[in-house]
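Trainee: Please pick one part of this model, look at it closely, and then follow it outward into the rest. I would like one connected account.

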Amino acid sequence: MQYRIMIVDDSSTIRDIIEKVFIIAKIPVREFIECNNGKEALNILNKKWIDLVITDLSMPVMDGYSLIKEIRSRREFNALPVIVVSTQGSEKQKEELKTMGVVDILQKPFFPEQIRDSIAISLGRGIQ
Amino acid sequence: MIPKERLNIIHTEIGRVIQDATFMLAEPATDQDATEGLSVEPHWAHISYSGSAEGNIYICAGDELARTIAGNMLGTDGYDSLPPERVIDSFKELANILTGRMILLLYGRQALFRLSVPIYFRACPFEFNNMSDNVLMYNCEGMILNVILTVKEGDSFDKDKSIDS
């Protein structure tokens, strides 16, 4: 199975790094969909099947919190796994995100192994 | 002002974060001129934070270091040929990463903050003269990276605000 992965981050650097992790970890990807903010992500989610969303929190236009809230408010996206990759590391934020059904919260800078393991769990794949 | 003892710990910890993010050795430097080796118009990135307290983080580096950082973060050889927008984006992202960690070190894991979108600019290194608060200098494989922290007057950094790493 090949996955369609959505990466939501206003930094192209971070989007590139995350894509490289998939390639290094040999996770089969059908398509990477890059979005600069939550609004762009929602527009695409309405049109395309996505297997995993990896999102930042601080972004212009629409932040990661608003995106996750919107995803969780809609029945069709209930099972969509979401990973947060952010510079912010407050415990309160982490607890809130967990209650919103976020699979994992990684703080930047992350090690490739951390995000690889998190992706593997989210996609129901064994960690290799 | 941040107590010197606390600032020393932060200086070391932020050095580790720079290393993790940029894959470069980043040694805390104290005995060098903060403007040494900086080009006429070094690269700057600025982020402000607000919430339990308010402040600003600036990072500043010369062109060669900014390009090296971008090349390392992106995992590309030949960083001389990187387009300017990739260098700018990587520099802004480094500021973002350092701000997130700096806030944790200053205020602990319980405090909630909102971070501004990073702003990039190029300016004369003598801007340092107006930023005397706290300049953390790093020797990154022979090139200087400065991390400047300005905190709003009235913030206290007492022992109750534990440093989490």
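Mentor: Start with I57(B), which stands opposite L149(B) in strand 7 of chain B. Keep in mind throughout that this is a predicted model. The pair belongs to an antiparallel pairing in which 7 bridges join strand 3 of chain B to strand 7 of chain B. Strand 3 of chain B, residues 55–61, also pairs with strand 2 of chain B, residues 43–51, again in the antiparallel sense and over 7 bridges. In that second pairing, A45(B) is opposite I59(B) of strand 3 of chain B. Strands 2 and 3 of chain B are joined by a hairpin through 3 residues. Of the 7 residues in strand 3 of chain B, 6 are buried, so the strand is mostly covered. As a general point, strands of a sheet pair through backbone hydrogen bonds, either parallel or antiparallel.

Strand 7 of chain B, residues 143–151, leads back to a loop. Between strand 6 (134–140) and strand 7 of chain B lies E141(B). Its phi is positive, about 50 degrees, although E141(B) is not a glycine. E141(B) counts as exposed because it has 11 C-beta neighbours inside 10 Å, and the cut-off for exposed is 12 or fewer.

G15(B) falls on the other side of that scale. G15(B) sits in helix 1 of chain B, residues 4–22. With 21 other C-beta atoms within 10 Å, G15(B) is buried; the cut-off there is 20 or more. Setting aside neighbours within four places in sequence, its contacts are A26(B), E27(B), P28(B) and Y138(B). One of these, E27(B), is 12 residues away along the chain, and the two C-alpha atoms are separated by 6.3 Å.

Now to the place where the two chains touch. The contact takes 19 residues from chain A and 21 residues from chain B. On the side of chain A, the elements that give two or more residues are helix 1 (12–24) and helix 4 (91–99). Helix 1 of chain A gives the most, with 6 residues. By class, this side of chain A has 4 nonpolar, 10 polar and 5 charged residues.

Helix 1 of chain A is also a way into the sheet of that chain. That sheet is open, with 5 strands in the order 2-1-3-4-5 and parallel pairing. Strand 2 (29–35) and strand 5 (104–107) of chain A stand at the edges with a single partner strand each, so one side of each has no neighbour in the sheet. From one strand to the next the twist averages 20 degrees.

Helix 3 (64–72) of chain A packs on this sheet, touching strand 1 (3–8), strand 3 (52–55) and strand 4 of chain A, and its direction makes about 175 degrees with that of strand 4. Its buried residues are G64(A), L67(A), I68(A) and I71(A). Seen down the axis of helix 3 of chain A, these buried residues fall within an arc of 95 degrees, so they line one face of the helix. Generally, an α-helix has 3.6 residues a turn, so residues three or four places apart point the same way. The buried residues of helix 3 of chain A pack against strand 1, helix 2 (38–45), strand 3 and strand 4 of chain A.

Take the pairings across the sheet in turn. Strand 1 and strand 2 of chain A run parallel and are joined by 6 bridges; in strand 2 of chain A, E31(A) is the bridge partner of R4(A). The chain crosses from strand 1 through helix 1 to strand 2 of chain A, and this β-α-β crossover is right-handed. In the loop between helix 1 and strand 2 of chain A is K26(A), a residue other than glycine with a positive phi near 55 degrees. K26(A) is exposed, with 9 other C-beta atoms within 10 Å.

Strand 1 of chain A is also joined to strand 3 of chain A by 4 bridges, in parallel, and V8(A) stands opposite T55(A) in strand 3. Strand 4 (82–86) of chain A runs parallel to strand 5 of chain A, with 4 bridges between them; V84(A) has I105(A) in strand 5 as its bridge partner. After strand 5 of chain A comes a loop leading to helix 5, and P109(A) is found in it. A cis peptide bond joins K108(A) and P109(A), with omega about -5 degrees. Helix 5 (112–122) of chain A then lies across strands 3, 4 and 5 of chain A, at about 170 degrees to strand 5.

Note on methods. Residues numbered from 1 in each chain as written. Chains lettered and ligands numbered in written order. Predicted model: local features only at pLDDT ≥ 70, side-chain atom pairs only at ≥ 80, totals over all residues. Pairing = 2+ DSSP bridges. Axes fitted to C-alpha atoms, helices over the stretch in contact; angles between N-to-C directions. Contact = placed C-beta atoms within 7 Å. Nonpolar A, V, L, I, M, F, W, Y, C, P; charged D, E, K, R; others polar. Right-handed = clockwise from strand over helix to strand, strands pointing away. Arc of directions from axis to C-beta.
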